[in-house]
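The exercises below are meant to be worked through with the sequence and the coordinates side by side. Each task is followed by a solution that proceeds in steps.

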Amino acid sequence: MRAACRLCLLALLRVCTATAGPATAGSVDLEAFGGRVRKCVADCACPPGSTGAACVRCAAGFFKAAHGPAECRPCPANSSSPAGAASARECLCAPGRLRDGAGCAPCPSDFYKAAHGDAGCTACPHGAYAPAGTAGVEGCVCGAGFTANGPIACVQCAAGTFKAAPGPAACEACPADTYSTMPQLADPAGCVHCQANSSTGTQTGRTESSACECDAGFYMSSNACTLCTQNYYCPGGHLIYKCTEHAHGAAGLSAAAACVCDDGYYRSGATCTACPANSFCAADERTACPNDSAAPGGSSTVDACVCVGGFERV
């Protein structure tokens, strides 16, 4: 029995003995005396928050709400309390849980709660998501199309980049020969391929269709890369140049050197020069007539070289 209980009851016993003699019989207020006895008995019962013969405090995670000999009860699932809890309300929801009637329900998806208590759950940062029951902001993961910017922020992928999987990884550049004008791209298929016969070269992460330039041998015409015109050459992009004077070329040439001098002309540096007398010129080359023969200027075949001085062709 607790010491306070023993002292209380002994004091009442002395009062009862002192007033129980014949001279004072009937002088004791039995109703009041009984009330004091009942109070002593009540005081002997363990108060809320304690139990057992020695009224030990309820352990952490348990509570007892009333006076009496009852055992401490465990807190509801997913909640805990400090030692000596005297009410179920002292059972606080665990991280990742919020009060739902008498119990603790998981935080909804894309929310978190970091501490014990009955506070509400907090939304993950913009662009992040989390499974139900997440217990801290570190459980909020940047979604596809977003990348981490510090420990608790997500920023959208810039135009020309994408990120297909959730997590803290950086956004990736759209590959060569593609571009993207849209931010927050979550699928690499959103990187638009350059039109036919055009390319970004080795450049990646391009953000405009203008980054796709026509390949060599093509030029831009009516918003399409068109095969370079006959007798012209196209180094790529929007450019188209006519072959030098007295030169020609097939369609699709990409350099001035691909233009061939007309028959009767030969290449001299970047120009086509008329073939001189006593020579014939074809395919950019100048060739002298055989010995003892001559040809007029502008000749293009050996047949133009005519024997002279009594010589004849053999």
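A residue counts as buried when its relative accessible area is under 20%, as exposed when that area is over 50%, and as partly exposed in between. The model used throughout is a predicted one.

**Exercise 1. Describe the chain as a whole: which secondary structure elements does it hold, and what share of its residues is buried?**

Step 1. Counting the elements gives two helices and 32 strands in the protein chain.

Step 2. With the cut-off above, buried residues make up 29% of the 314 residues.

Step 3. The accessible surface of the chain comes to about 17700 Å², and carbon and sulfur atoms contribute 59% of that area.

Step 4. Among the contacts with a sequence separation of 6 or more, 24% are between residues that stand 24 or more positions apart.

**Exercise 2. Find the salt bridges of the structure, and determine which residues are joined into one network.**

Step 1. The structure holds three salt bridges, and the underlying principle is that side chains of opposite charge can pair when their charged atoms come close.

Step 2. The side chains of R89 and D118 form one of these bridges, with a distance of 3.8 Å from N to O. This pair links distant parts of the chain, since R89 lies in the loop between β5 and β6 whereas D118 lies in the loop between β9 and β10, 29 residues away.

Step 3. R89 is exposed, because its relative accessible area of 54% is over 50%, while D118, at 33%, is partly exposed.

Step 4. D118 also meets the side chain of R99 in a salt bridge of 3.0 Å, again from N to O. Here too distant parts are linked, with R99 in strand β7 (residues 97–100) and the two positions 19 residues apart in sequence numbering.

Step 5. In the remaining pair, R267 forms a salt bridge with D284, and their closest N and O atoms are 3.3 Å apart. R267 belongs to strand β27 (residues 265–268) and D284 to the loop between β29 and β30, so the bridge ties together parts that are 17 residues apart in sequence.

Step 6. R267 is partly exposed at 23%, whereas D284 counts as buried because its 17% is under 20%.

Step 7. Shared partners join R89, R99 and D118 into one network.

**Exercise 3. Which residues stand opposite R99 and R267 in the strands that pair with β7 and β27?**

Step 1. Strand β7 pairs with β8 (residues 103–106) in the antiparallel sense over four bridges, and R99 stands opposite C104.

Step 2. The two strands form a hairpin with two residues between them, and G101 in the turn has a positive phi of about 70°.

Step 3. Strand β27 runs antiparallel to β28 (residues 271–274), to which four bridges join it, and the bridge partner of R267 is C272.

Step 4. β27 and β28 likewise form a hairpin with two residues between them, where G269 in the turn has a positive phi of about 70°.

**Exercise 4. Where do D177 and N197 lie, given that each has a positive phi without being a glycine?**

Step 1. As background, most residues other than glycine have a negative phi.

Step 2. D177 has a phi near 70° and is found in the loop between β16 and β17; at 31% relative accessibility, D177 counts as partly exposed.

Step 3. N197 has a phi of about 65° and is found in the loop between β18 and β19; at 33%, N197 is also partly exposed.

**Exercise 5. Is I152 buried or exposed, and which residues does I152 touch beyond its sequence neighbours?**

Step 1. I152 lies in the loop between β13 (146–148) and β14 (154–156).

Step 2. The relative accessibility of I152 is 53%, which means that the residue counts as exposed, the cut-off being over 50%.

Step 3. Leaving out residues up to four places away in sequence, I152 touches P125 and V137. The C-alpha atoms of I152 and V137 are separated by 6.9 Å, although the two residues are 15 residues apart along the chain.

**Exercise 6. Which charged ends sit over the rings of Y232 and Y266?**

Step 1. Over the ring of Y232 sits the charged end of K242, 5.9 Å from the ring centre.

Step 2. Over the ring of Y266 sits the charged end of R286, at 5.8 Å from the centre.

Terms used: Residues are numbered from 1 along each chain as its sequence is written. This is a predicted model: local features need pLDDT of at least 70, side-chain atom pairs count only at pLDDT 80 or more; totals for chains, interfaces and linings use all residues. Side-chain values use heavy atoms; hydrogens and water are left out. Buried means under 20% relative accessible area, exposed over 50%, partly exposed in between (1.4 Å probe, protein chains only). Contact means heavy atoms within 4.5 Å. A salt bridge is a side-chain nitrogen of Lys or Arg within 4 Å of a carboxyl oxygen of Asp or Glu. A charge sits over a ring if NZ of Lys or CZ of Arg is within 6 Å of the ring centre and within 35 degrees of the ring normal. Two strands pair if DSSP finds at least two bridges between them. Accessible areas come from the Shrake-Rupley method with a 1.4 Å probe; for residues, only the protein chains shown count as cover.
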